[in-house]
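Here is a short guided tour for a first look at a protein model. Keep the 3D view open and turn it as you read.

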Number of protein chains: 2
Amino acid sequence: MFWDSDVAKWLEAASLSLATHPDPQLEALVDEVIALVAQAQHADGYLNTWFTTVDPENQWKNLRDWHELYCAGHMIEAGAAHYEATGKRTLLDVVCRYVDHIASRFGPEPGQKRGYCGHPEIELALVKLYHATGEDRYLELSRYFVEERGRQPHYFDQEARERGDDPANFWARTYEYNQSHRPVREQHQVVGHAVRAMYLYTAMMDLAREYGDASLHETCEHLWRHLTTKRMYVTGGIGTSGQNEGFTSDYDLPNESAYAETCAAIGLIFWAQRLLQLDCQRRYADIMELALYNSVLSAISSDGQAFFYENPLESSGHHQRQPWFFCPCCPPNLARLFASLGEYIYAQSETDAVVHLYIQSTGKLAVAGQTVTLRQETNYPWDGTVTIQVNPEQPATFGLRLRIPGWCQSASVTVNGEAINLTDRLEQGYVRLERRWQPGDVVKLELAMPIERLSAHPEIKADQGQIALQRGPLIYCLEQCDQTEPLHRLVLPPAAALTSHFEPDLLGGVVVLRGTAAALDDADWADTLYRPDPPATRPTSITAIPYYAWANREPGAMQVWLPASA
Amino acid sequence: MFWDSDVAKWLEAASLSLATHPDPQLEALVDEVIALVAQAQHADGYLNTWFTTVDPENQWKNLRDWHELYCAGHMIEAGAAHYEATGKRTLLDVVCRYVDHIASRFGPEPGQKRGYCGHPEIELALVKLYHATGEDRYLELSRYFVEERGRQPHYFDQEARERGDDPANFWARTYEYNQSHRPVREQHQVVGHAVRAMYLYTAMMDLAREYGDASLHETCEHLWRHLTTKRMYVTGGIGTSGQNEGFTSDYDLPNESAYAETCAAIGLIFWAQRLLQLDCQRRYADIMELALYNSVLSAISSDGQAFFYENPLESSGHHQRQPWFFCPCCPPNLARLFASLGEYIYAQSETDAVVHLYIQSTGKLAVAGQTVTLRQETNYPWDGTVTIQVNPEQPATFGLRLRIPGWCQSASVTVNGEAINLTDRLEQGYVRLERRWQPGDVVKLELAMPIERLSAHPEIKADQGQIALQRGPLIYCLEQCDQTEPLHRLVLPPAAALTSHFEPDLLGGVVVLRGTAAALDDADWADTLYRPDPPATRPTSITAIPYYAWANREPGAMQVWLPASA
């Protein structure tokens with residue numbers, strides 16, 4: 001019943017792509033699909049093909065479960081992106097009419113339903129529509145949906161009774177599932193369905209920024225801290241359980257059964273970007289990067305043809321990417337994220353150009369009353385050397401903020417070859433270089449990328465006594481096909497030396513980690529199952545690959561965490 | 001539909017109890033129940049109250065799933081036990097008539113069904129009936145059922161087709177589930193439903209002994225080795241998965257999700273006893289003892305009022321004993337095992353009296369043409385001192401075999417105060433003392449019981465890097481209520497000293513193990529979830545209790561295996 005959202009996400013991704021990679025054939029296809037969408041719109045503005053063709057009796061009858069406003073949200077995002085990419089109003093006008101219809105049905109006025117969607121999405125979409133159109137009423141509608149959420153009497157209770165259902169029979173059993181268990185400012189724990197949570201929090205930050213709403217901002221900071229200090233995998237994956245596609249309890253982060261849905265990690269990136277817009281702190285960007293290079297990037301095969309819905313940190317080899325899903329939310333979400341990556345790499349204010357992520361690219365930023373072009377050249381994440389050519393249209397004074405990642409213990413920066421003292425210039429993890437920039441100025445950043453062995457907080461039972469390997473922003477894993485011993489027998493003692501090597505022909509070119517670890521030896525166990533002497537170990541060489549690249553060769557076991565002792 | 005088996009198991013347990021603890025009130029109750037059972041018998045001998053009162057259309061229609069012969073088996077065991085305990089033929093005659101009916105319906109002759117039960121049980125019961133009556137035809141029927149099992153054309157296929165079902169739709173998907181996937185002599189792996197497997201293998205050993213059938217014996221030895229070297233928990237629990245209530249794959253022995261059904265461990269004891277009857281080897285008795293003191297004894301609460309169906313080796317505290325079950329097979333199985341414990345403690349042959357288990361008791365054995373009374377005095381398993389008074393009616397020469405348990409590295413034996421050189425007299429783990437025994441001779445056994453730290457075979461992933469504590473035959477566990485730190489934070493390094501202490505007021509009187517272990521410290525973690533430095537540890541005292549005694553105080557976490565390093 002939410003198939004419209006898949007079409008909408010494709011329209012958005014295609015539009016975003018047209019903005020940076022013009023393609024008349026793709027543009028014609030987009031126009032064709034938009035024409036079909038426009039034809040499906042009712043005279044009163046209503047637009048949802050499921051509730052038009054399959055289940056017309058049930059329009060707006062079950063906001064809790066049936067994703068109608070969620071689908072509207074994705075179509076709105078598509079309309080805004082299409083307009084911004086092409087200047088065409090074809091889809092924008094359609095969604096504006098639809099939003100006007102929605103605004104007439106939902107709200108606090110007499111005769112309106114005080115409803116909101118069980119799956120947040122339209123809230124962040126309406127902020128984009130506001131930016132595309134400049135119409136305050138779209139921002140107001142977003143605020144209404146966010147503020148109404150979780151208020152008593154509870155809309156989903158009322159709505160269930162109107163359908164003749166007992167609200168207590170809600171299959172998910174708790175409104176924590178859709179983050180409507182209490183008003184948003186009273187939510188202090190990250191709970192429920194992870195994608196819904198991320199989309200809601202993203203909209204809350206949008207509104208915090210648009211309205212200068214400090215209490216929404218504080219709520220988000222609190223939720224962020226809870227998520228990233230108690231409920232996040234080392235890959236940036238979030239949402240432990242498949243049961244609610246979401247959060248369970250603090251430190252409950254099992255590896256093999258990790259749900260860690262692709263869309264949830266993408267939502268985490270959306271939210272991190274909004275937090276950065278109000279507060280340029282490294283800790284937000286660090287996790288945006290972590291999720292991007294690990295839990296998100298793992299979701300797509302190296303040939304781009306198959307996808308993970310779940311991104312576990314351990315596998316017996318049965319978990320493999322699929323070309324498509326019955327619920328195909330993740331693949332088009334990846335498409336629209338990758339097609340808009342510039343929005344996550346760069347940021348701008350009147351006084352500052354900001355580089356959050358190091359990815360070879362050219363960014364055009366509106367800073368100091370002109371367009372400043374930043375040209376990044378880098379082999380990142382394989383090494384930590386980043387050269388940025390700063391090209392203002394004319395010489396001008398402004399700040400250039402460059403993130404010094406939290407994983408980096410040793411960084412240096414030069415401007416036109418001259419070393420910069422970083423200590424004086426660090427602001428919340430960003431080095432800020434303010435000067436009169438000339439076209440062609442070159443900033444060079446060197447980020448040391450030694451191999452790190454990570455341990456997990458002692459409360460994370462699943463990772464106790466184990467270590468994970470990290471280099472730069474990449475979390476590593478061991479796949480069976482790279483090892484000579486069975487993966488489940490390997491131990492990585494603290495003393496085992498590890499080195500990194502770029503392998504141009506492996507998995508599209510990756511840096512692998514190699515070293516000598518230990519393998520548990522069963523040679524002297526014969527028919528013994530339990531005995532007083534612990535198993536002996538023998539040295540064995542191991543190879544680790546970036547986590548994102550696993551499951552691209554023959555199926556086999558995979559582990560991110562390895563025991564540190566026998 | 002197998003409720004008759006619960007009544008039968010109660011009748012058997014009550015009869016066994018009458019043999020050692022005469023009780024007119026109980027005997028009258030047994031007689032009353034037997035009269036009811038007799039009234040339910042059809043004129044042709046058929047006896048099953050479900051298929052008489054609830055589902056009369058479906059007699060003998062689904063041997064694969066419906067437990068009809070299984071129920072018959074339990075009633076036969078009850079009839080034999082009742083006759084042997086009381087000399088009364090009331091139930092014995094009923095079951096003989098029923099078996100004659102069964103023998104007329106099932107067999108290789110024309111007009112008979114070549115069937116056998118999906119749940120083995122009647123096979124071992126018929127051997128008991130043969131012993132009670134001396135009628136060869138009961139032994140022959142047992143042999144028929146065992147030999148027919150798994151032959152082609154497969155009876156369960158034919159039977160399903162006769163019901164109009166597709167045999168391929170068998171819910172368990174494989175005849176490994178009920179050990180009918182191939183003829184029994186071609187079975188080399190312990191597979192399927194664990195209780196079914198144990199009951200079948202027990203009957204196979206019975207037949208191996210009665211018929212001197214070497215190939216059945218060899219098959220059982222092979223299966224025993226497979227089970228005890230690849231598919232058994234350290235507690236003697238067997239059957240990993242709740243899905244098939246049985247076996248999965250080699251070394252797949254997760255702790256928290258362990259099924260380890262009570263009845264399966266009891267069946268393992270039955271089988272071990274049969275193996276010992278043909279081959280008095282310590283390795284069978286060691287595991288009989290292990291299962292008895294751990295996976296079986298854990299199944300009953302310290303007040304005797306509540307039971308475990310599953311006996312996991314780790315728990316968050318939600319797994320608690322229940323007063324009864326929808327499928328109540330386990331509690332009466334415990335009752336009949338405990339009421340017949342003498343058959344497992346002692347064994348006899350014409351030339352030898354055997355003590356397999358050390359349990360304070362008096363055994364009357366038929367040896368050397370007379371009754372030899374053995375009187376064991378011991379505080380076992382709390383200490384390893386066992387005094388056995390040997391009382392033949394008259395002085396006589398015979399052997400006394402005493403098991404030196406495999407867990408014991410240092411044992412000594414005296415006869416009337418004189419030390420015996422064990423090395424010369426050990427036969428397959430039993431010391432054999434042959435002499436002219438006089439009434440009042442005293443044998444004293446000293447078994448050293450240091451605390452052992454067990455490691456698991458390197459292929460058992462669930463136990464890697466972990467240790468379990470054992471003292472004597474008892475496996476220990478840690479329960480949260482005895483610790484000052486959260487159980488999941490504890491580490492037990494090899495250097496941590498442990499001592500044992502008898503606590504008379506704890507859990508009915510148990511030896512606890514105490515020591516100083518390490519607790520993972522989160523004091524310096526603040527808001528960090530992952531970091532390069534491993535967690536620090538601080539010393540903490542721990543107390544371990546016998547595994548069987550867990551879950552008798554306030555609910556809380558429990559672990560058998562503890563990490564050996566942080």
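## A six-stranded sheet in chain B

Let's begin with chain B, where six strands make up an open sheet in the order S4-S5-S6-S12-S8-S9, with antiparallel pairing. At its edges are strand S4 (361–367) and strand S9 (418–419) of chain B, each of which pairs on one side only. Please keep in mind that this is a predicted model.

Now zoom in on one pair of neighbours in this sheet. Strand S6 (residues 385–392) and strand S12 (residues 441–447) of chain B are paired in the antiparallel sense over six bridges. To see where they face each other, find B:Val390, which stands opposite B:Asp441 in S12(B).

## A five-stranded sheet in chain A

Switch to chain A for another sheet. Here five strands form an open sheet in the order S2-S3-S7-S11-S10, and the pairing is mixed. The edge places go to strand S2 (346–348) and strand S10 (426–427) of chain A, since each pairs on one side only.

How many bridges join S10(A) to strand S11 of chain A? There are two, and the strands run antiparallel. You can locate one spot by looking for A:Glu427, whose bridge partner in S11(A) is A:Tyr430.

## How the two chains are related

Next, look at both chains together. A turn of 180 degrees with a shift of 0.0 Å along the axis lays chain A on chain B, with an RMSD of 0.0 Å. This is the relation of a two-fold axis. Which residue of chain A comes closest to the rotation axis? It is A:Ser565, with its C-alpha at 3.5 Å.

The contact surfaces fit this picture. Of the interface residues of chain A, 100% are also interface residues in chain B, so the copies meet through the same surface.

## Where the chains meet

The contact involves 44 residues of chain A and 44 residues of chain B. The size of an interface is often given as the accessible area lost when the parts come together. Here, chain A and chain B bury about 3400 Å² between them, and 55% of that is on carbon and sulfur atoms. On the chain A side, A:Pro458, A:Leu529 and A:Tyr530 lose the most area to chain B, together giving 21% of what that side buries.

Polar partners are there too: 19 residue pairs are in polar contact across the interface of chain A and chain B, with both residues at pLDDT 80 or more. Which elements give two or more residues to the side of chain A that touches chain B? They are helix H10 (214–230), strand S13 (451–456), strand S19 (530–531) and strand S22 (561–563) of chain A. The largest share, five residues, comes from S13(A). By type, the residues on this side divide into 19 nonpolar, 10 polar and 15 charged.

Strands pair across the chains as well. S19(A) is joined by two bridges to strand S13 (residues 451–456) of chain B, and they run antiparallel. Within this pairing, A:Arg531 has B:Ser455 in S13(B) as its bridge partner.

## Salt bridges

Side chains of opposite charge can pair when their charged atoms come close. Over all chains, the structure holds 74 salt bridges, and six are counted between chain A and chain B. For an example across the chains, look at A:Arg225 and B:Asp527, whose closest N and O atoms are 2.7 Å apart.

There is also a salt bridge inside chain A, where the side chains of A:Asp31 and A:Lys88 meet at 2.7 Å, N to O. A:Asp31 lies in helix H2 (residues 24–39) and A:Lys88 in the loop between helix H4 (68–86) and helix H5 (90–105) of chain A, so this pair ties together parts that are 57 residues apart in sequence.

## Backbone details in the loops

Most residues other than glycine have a negative phi, and most peptide bonds are trans. A cis peptide bond joins A:Tyr380 and A:Pro381, with omega about 10 degrees. A:Pro381 sits in the loop between strand S5 (370–378) and strand S6 (385–392) of chain A. In chain B, the peptide bond from B:Tyr380 to B:Pro381 is cis, with omega near 5 degrees.

One more stop is A:Ala551, a residue other than glycine with a positive phi, near 65 degrees. You will find A:Ala551 in the loop between strand S20 (537–546) and strand S21 (558–559) of chain A.

Technical notes
Residues are numbered from 1 along each chain as its sequence is written. Chains are lettered from A and ligands numbered from 1 in the order in which they are written. This is a predicted model: local features need pLDDT of at least 70, side-chain atom pairs count only at pLDDT 80 or more; totals for chains, interfaces and linings use all residues. Side-chain values use heavy atoms; hydrogens and water are left out. Contact means heavy atoms within 4.5 Å. Buried area is the accessible area (1.4 Å probe) that two parts lose on being put together, summed over both. A salt bridge is a side-chain nitrogen of Lys or Arg within 4 Å of a carboxyl oxygen of Asp or Glu. A polar contact is a pair of N or O atoms within 3.5 Å; within protein, one must be able to donate a hydrogen and the other to accept it, and residues adjacent in sequence count only if both atoms are side-chain atoms. Helices (H or I, at least four residues) and strands (E, at least two) are DSSP runs, numbered from the N terminus. Ala, Val, Leu, Ile, Met, Phe, Trp, Tyr, Cys and Pro count as nonpolar, Asp, Glu, Lys and Arg as charged, and the others, Gly among them, as polar. Two strands pair if DSSP finds at least two bridges between them. Copies are superposed by least squares on the C-alpha atoms of residues with pLDDT of at least 70 in both.
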